[in-house]
Amino acid sequence: MTRLIAEQVLMIPEKIKEFDRELIEKTGCSLKELASEASGIGSAPPKPAAHPVAVIPVTAGQGTIKGFSEALHAIAAYLGFPAFITAAPDVSGLVEAYQSDATIALMADDHLYAAINLKTRRATGNDEATAKGFTTALQKMAGGLKGKAVLVIGLGPLGTAAAQALLQEGADLILYDLLREKEAALLKSCATAEQQRITTGLTLEQALARTHLIFDASPGEAFIPAAMLPTGAIISAPGLPLGLDPTAAQKFTDHLIHEPLQIGTAVMLFQALI
Ligand code: 2YG
């Protein structure tokens, strides 16, 4: 579990409009459109304006992250949800969320970042939402994923959720993790029919010689040099920090989606309304 640091989230409130513009340029979809599609909420999504969101700071474990609650608040508000950060953290914040008649409580400790619909009791988690959101983004940038090979780097909770989402979109998978046994374990967990569409045991170089579609869910920093990436590479990279090195990130910037919270939070909020 990668723990965010303040430097990664402090700028989100003031940069969210610019982020959305870039997302439209790269995927053809706004954050709202992408999250609506990725969440599976369908064509007639409930009106965010009718569903207040309570952001509850949580002091458990390593404590609060400077700017984290403000970032969640900014994302929810940007999507049209009436949003507020509770005056008190933890249990008091949860009581305030209920007493304020909020529809959704948004909160994270060091183990789970969740959106909980206080009316329907539906709870959604950030890993699955992020995997779906970044899979949809890759699909938009690639013009569809059916029958195409996608390299998934990093087979933790996020990469595992991404593998499922990519298979559902009809993609073939090349699985890669530094701990090679994770590849075999994920392969084994898939249905027989799906296993035919999964390749394991390749080096990163071999994998990148077979596909230009990359889903980087790894916590490794700057381990993918530009020279290793094929021409036309399209990279959906929710993993923190970024796996591409700065030269590669610059070279492929128009086909690279990498941000710490926006897409996952947007998908979670819409999923919580289903
Ligand atoms: O309320 C607070 O400020 C803290 N309790 C938040 C702690 C969040 C810890 N988790 C992470 O930093 C990430 N797993 C969040 C999601 C990363 C994006 N995929």
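This is a short tour of the structure in your viewer, one selection at a time.

**Stop 1: the whole chain**

Start with everything shown as a cartoon, and keep in mind that this is a predicted model. You should find 12 helices and 11 strands. Turn the protein around: along its principal axes, the C-alpha trace spans about 55 × 40 × 35 Å. How does its radius of gyration fit with a compact globule? For 274 residues such a globule would come out near 19 Å, and the protein has 18 Å, so the two agree.

Now switch on the surface. About 12200 Å² is exposed, and carbon and sulfur atoms supply 55% of that. Of the 274 residues, 51% count as buried. If you like colouring by charge, there are 21 positive and 28 negative charges, and their mean positions are 6 Å apart.

One more thing before zooming in: take the contacts between residues at least 6 apart in sequence, and 61% of them join residues at least 24 apart.

**Stop 2: strands 3, 4 and 5**

Hide the surface and select residues 113-117, which make up strand 4. Is strand 4 mostly covered or mostly open? Mostly covered: 4 of its 5 residues are buried.

Add residues 104-108 to your selection. That's strand 3, and it pairs with strand 4 in the antiparallel sense over 5 bridges. To see one of those pairs, show alanine 105 and its bridge partner in strand 4, isoleucine 116. Follow the backbone from strand 3 to strand 4 and you trace a hairpin with 4 residues between the strands.

Next, add residues 123-125, which are strand 5. Strand 5 runs antiparallel to strand 4, and 3 bridges join them. Here the pair to pick out is alanine 115 opposite threonine 124. Strands 4 and 5 form a hairpin too, with 5 residues between them. Click on arginine 121 in that turn: its phi is positive, about 70°.

While you're looking at strands, here's a handy bit of background: strands of a sheet pair through backbone hydrogen bonds, either parallel or antiparallel.

**Stop 3: the parallel sheet**

Now find the open sheet of 6 strands, with parallel pairing and the order 8-7-6-9-10-11. Which strands sit at its edges? Strand 8 (198-199) and strand 11 (256-257), since each pairs on one side only.

Inside the sheet, select residues 213-216 (strand 9) and 234-236 (strand 10). These two run parallel and are joined by 3 bridges. Show leucine 213, and you'll find isoleucine 234 of strand 10 opposite.

**Stop 4: a hidden residue**

Select threonine 265, which lies in helix 12 (residues 262-272). Is threonine 265 buried or exposed? Its relative accessibility is 0%, so threonine 265 counts as buried. Show what surrounds it: beyond residues up to four places away in sequence, threonine 265 touches Leu72, Ile75, Leu106, Tyr113 and Asn126. Two of those names take you back to Stop 2: Leu106 falls in strand 3, and Tyr113 falls in strand 4.

**Stop 5: a residue in the open**

Finish at glycine 147, in the loop between helix 6 (126-142) and strand 6 (149-153). With 58% relative accessibility, glycine 147 counts as exposed. Setting aside neighbours within four places in sequence, glycine 147 is in contact with Gly170, Ala171 and Asp172. For a last look, draw a distance from its C-alpha to that of arginine 197: the two are 50 residues apart along the chain, and these atoms are separated by 9.0 Å.

Methods
Residues numbered from 1 in each chain as written. Predicted model: local features only at pLDDT ≥ 70, side-chain atom pairs only at ≥ 80, totals over all residues. Heavy atoms only, no water. Rg over C-alpha atoms; globule rule 2.2 N^0.38 Å. Buried < 20%, exposed > 50% of the residue type's maximum accessible area, 1.4 Å probe, protein only. Contact = heavy atoms within 4.5 Å. Areas by Shrake-Rupley, 256 points an atom, 1.4 Å probe, with all protein chains shown as cover. Lys, Arg positive; Asp, Glu negative; His and termini not counted. Charge placed at Lys NZ, Arg CZ, Asp CG, Glu CD. Pairing = 2+ DSSP bridges.
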